[in-house]
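Here are a few exercises to work through with the model open in your viewer. Try each task before you read its solution.

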Amino acid sequence: MGWLARRALHGLFVLFGVSVLSFVLVELAPGDFFAEMRLDPRISEATLRTLRARHGLDRPLPERYARWAASLARGELGYSFAYGSPVAPLLWPRVRNTLLLTTTATATAWVLAIPLGVWWAAPRRAAARRALAVLMAVLLAIPDIILALALLLLAVRTGWFPAGGMTAVGHEQMSFGARLRDIVWHLVLPAAALVLCVLPSLTRHVRASVAVTLDAPFVQAARGHGLPEWRVLFGHALPAAANPLISLLGLSVATLLSMSLLVEIVMSWPGLGPLLLEAILARDFHLVLGLVLASTVLLLAGNILADVLLLAADPRIRREGK
Amino acid sequence: MRAPGKLALAATVLVAIHAAALGAGFLAPYRPTEQARALPYAPPTSLHVVDGSGRLHLRPFVYALVDDETTAGRYKEDRSQAFAVHFFIRGPDELGGASGGWRLFGVEEPARVFLLGTDGFGRDQLSRLLHGARISLFAGLLATVLSLGVGWVLGTAAGFYGRWLDAILMRSADVFLALPWLYLLFAVRAVLPLHVSAAQAFLMLVLVIGLVDWARPARLVRGIVMSARERNYVRAARGFGATDLYLIRRHIAPQTLGVLLTQAALLVPQYILAEVTLSFLGLGVGEPVASWGNMLAALQRYHVLASYWWMWAPGLALVPVFLSYFALSEALHSRVGPASP
């Protein structure tokens with residue numbers, strides 16, 4: 001498993017780089033959480049100095065990094081001034097919600113993109129294929145922000161779906177089954193927005209990868225043996241195209257996280273997105289730092305997952321790793 | 001559609017939209033900040049050619065809007081007096097005199113012509129859309145120039161000189177690429193001051209969007225430079241004593257042009273959207289200056305979202321812009337050949 005270990009090590013190195021980069025970035029920022037308080041006439045200069053001293057903001061940069069790294073090691077990820085609590089406990093439920101949304105969306109998008117892309121790559125049916133091409137091009141050109149707002153409009157207008165949030169009022173009092181249904185019900189629209197955002201590019205990639213394999217001799221041989229078309233496509237062409245598609249899965253995690261940030265804010269899904277916006281507006285830098293790190297961990301986890309899948313799917317890589 | 005036709009169509013649409021943005025002062029019937037306080041959320045003004053007595057007019061005319069007494073918040077047309085639409089008129093100057101710049105069209109007060117309705121302050125949506133296009137479209141263009149410029153310089157340096165410079169640059173590129181790009185954008189925006197003037201905000205957005213995303217173009221350029229460096233004619237030129245700068249300028253830079261153009265057509269829409277997103281969330285260009293993002297921000301209120309369809313105008317305007325840029329990138333891609341990813 002040398003290959004996988006190397007990938008994981010690279011991931012750790014990148015994570016360390018991100019932590020240093022974002023810490024330096026945050027420390028370069030003019031002003032801090034208490035800067036806004038200076039405008040308040042009820043708070044004196046002396047009080048501000050005491051507050052800063054208590055949180056160690058008056059110390060030199062290396063000492064602050066050491067303090068932050070120590071809190072990282074304790075699993076606290078720094079201290080949020082706006083919430084008056086360590087960052088980590090604020091982060092976990094948000095990470096969970098973002099994961100719920102993005103994994104649902106990824107799974108749905110792939111389940112839709114694979115048959116669509118394979119069908120699109122298959123020969124014949126020129127008119128239908130052109131219609132699909134136009135549909136995908138238009139869908140690609142609709143900005144994610146507009147898709148999210150349009151789905152929100154659907155919810156507001158029809159009342160079929162809840163307009164934002166993750167739970168209904170009185171969620172705590174519901175039975176387990178009802179609570180589950182409640183969350184799924186709230187999940188539909190944000191997940192749909194994400195699926196519609198990533199579907200066009202996924203479908204195009206599936207189509208391109210499958211189209212390459214369609215010319216291969218083994219596909220022609222399968223056709224020559226008189227296999228039904230769907231078995232040629234899904235049983236022979238698609239597995240041969242698996243390699244680039246799994247790499248794409250890893251790459252698409254980054255896009256999905258970025259889009260999810262926006263969709264979560266627009267649809268008030270309590271994931272990382274709304275908290276990040278809140279933290280930026282409150283100039284709560286440790287929280288921003290924690291959120292950025294969390295998103296990086298999610299992205300790297302997605303990449304490593306894709307690597308593991310690639311390892312399982314492609315014997316050539318297994319041999320190379322030994 | 002055939003590829004050349006597609007390319008021509010996309011280019012025409014883009015040139016027309018950008019020209020409209022540049023000519024906003026002439027095309028827009030009102031100043032973008034001019035408020036008709038009595039007419040918040042007025043629907044698009046309808047142009048008439050047939051008057052109440054059934055007579056046909058060659059010159060279109062409008063009626064003034066008045067409050068509909070039967071329903072609060074609704075308007076109705078005051079049919080007692082028609083106001084003809086005049087073309088090529090002098091707009092009012094800052095003080096309300098008649099010596100402002102030329103306008104394409106307008107009507108006499110008290111009637112007003114709002115072809116795309118008004119927002120919550122009674123400002124003309126069409127005028128704001130045209131003036132906002134200046135901010136949103138050109139922020140995307142400038143950020144692309146910046147990002148590709150930085151990416152090109154670093155990518156060429158890494159690919160041409162290799163060794164430790166390459167190692168350092170590509171490892172930092174890994175770090176930048178490991179952050180989901182919108183998170184990175186937000187994080188950089190987070191550490192910059194929140195309350196800034198519109199001009200500063202515009203400049204800041206261009207810098208942030210352009211500088212945050214250097215890693216992808218740098219990687220692409222690096223790959224091409226690395227393979228170009230090993231070509232025989234480059235080695236020959238080096239053997240004749242050509243300097244590094246000459247080699248890069250004469251033999252290597254032209255090879256990267258295709259990728260740069262294809263990338264540009266892909267990056268511009270992404271960066272336009274970045275500006276729109278940041279301004280939408282109140283982290284970009286703020287009121288009263290118009291940008292497509294802060295115009296869309298009105299839709300965050302449910303009653304606006306559900307009741308006033310004309311408030312979606314900037315969002316709908318993004319679609320043809322994006323379609324054209326994507327078509328352009330596809331056409332460029334097929335022309336430049338499969339060398340570029």
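A crossing of two helices is called left-handed if the near helix is turned anticlockwise from the far one by less than a right angle, and right-handed if it is turned clockwise. Keep in mind that this is a predicted model.

**Exercise 1. Describe how α6(A) and α10(A) pack, giving angle, handedness and contacting residues.**

Step 1: Two packed helices are described by the angle between their axes and the distance between the axes. Here, α6 (residues 144–158) and α10 (residues 242–266) of chain A have axes that come within 10 Å and cross at roughly 35 degrees.

Step 2: With the definition above, the crossing of α6(A) and α10(A) comes out right-handed.

Step 3: On the α6(A) side, the residues taking part are D144(A), I145(A), A148(A), L149(A) and L152(A); their partners in α10(A) are M259(A), L262(A), V263(A) and V266(A). Sorted by class, this contact holds eight nonpolar residues, no polar ones and one charged.

**Exercise 2. Decide whether A107(A) is buried or exposed, and find how far it lies from D144(A).**

Step 1: Locate A107(A) in helix α4 (residues 87–121) of chain A.

Step 2: Count its C-beta neighbours inside 10 Å: there are 12, and 12 or fewer means exposed, so A107(A) counts as exposed.

Step 3: Go 37 residues along the chain to D144(A); the C-alpha atoms of the two residues are separated by 19 Å.

**Exercise 3. Work out which helix of chain A gives the most to the side that touches chain B.**

Step 1: Begin with the totals: 38 residues of chain A are in contact with 32 residues of chain B.

Step 2: The helices of chain A that each supply at least two residues to this side are α1 (2–28), α5 (126–141), α6, α10, α11 (272–281) and α12 (285–313).

Step 3: With eight residues, α1(A) gives the most. By class, the chain A side divides into 32 nonpolar, five polar and one charged.

**Exercise 4. Trace the largest nonpolar core and the contacts of V288(A).**

Step 1: The largest nonpolar core has 149 residues, and those with the most contacts inside it include A148(A), V288(A) and L185(B). Helix α7 (residues 176–214) of chain A gives the most to this core, with 12 residues.

Step 2: Leaving aside residues up to four places away in sequence, V288(A) touches V26(A), L276(A), A279(A) and I280(A), as well as A187(B) and A190(B).

Step 3: Apart from the largest core lies another of 18 residues, among them W152(B) and I224(B).

Methods
Residues numbered from 1 in each chain as written. Chains lettered and ligands numbered in written order. Predicted model: local features only at pLDDT ≥ 70, side-chain atom pairs only at ≥ 80, totals over all residues. Axes fitted to C-alpha atoms, helices over the stretch in contact; angles between N-to-C directions. Helix = DSSP H or I, 4+ residues; strand = E, 2+ residues; numbered from the N terminus. Contact = placed C-beta atoms within 7 Å. Nonpolar A, V, L, I, M, F, W, Y, C, P; charged D, E, K, R; others polar. Buried ≥ 20, exposed ≤ 12 C-beta atoms within 10 Å, placed from the backbone. Core = buried A, V, L, I, M, F, W, Y, C linked by C-beta atoms within 7 Å.
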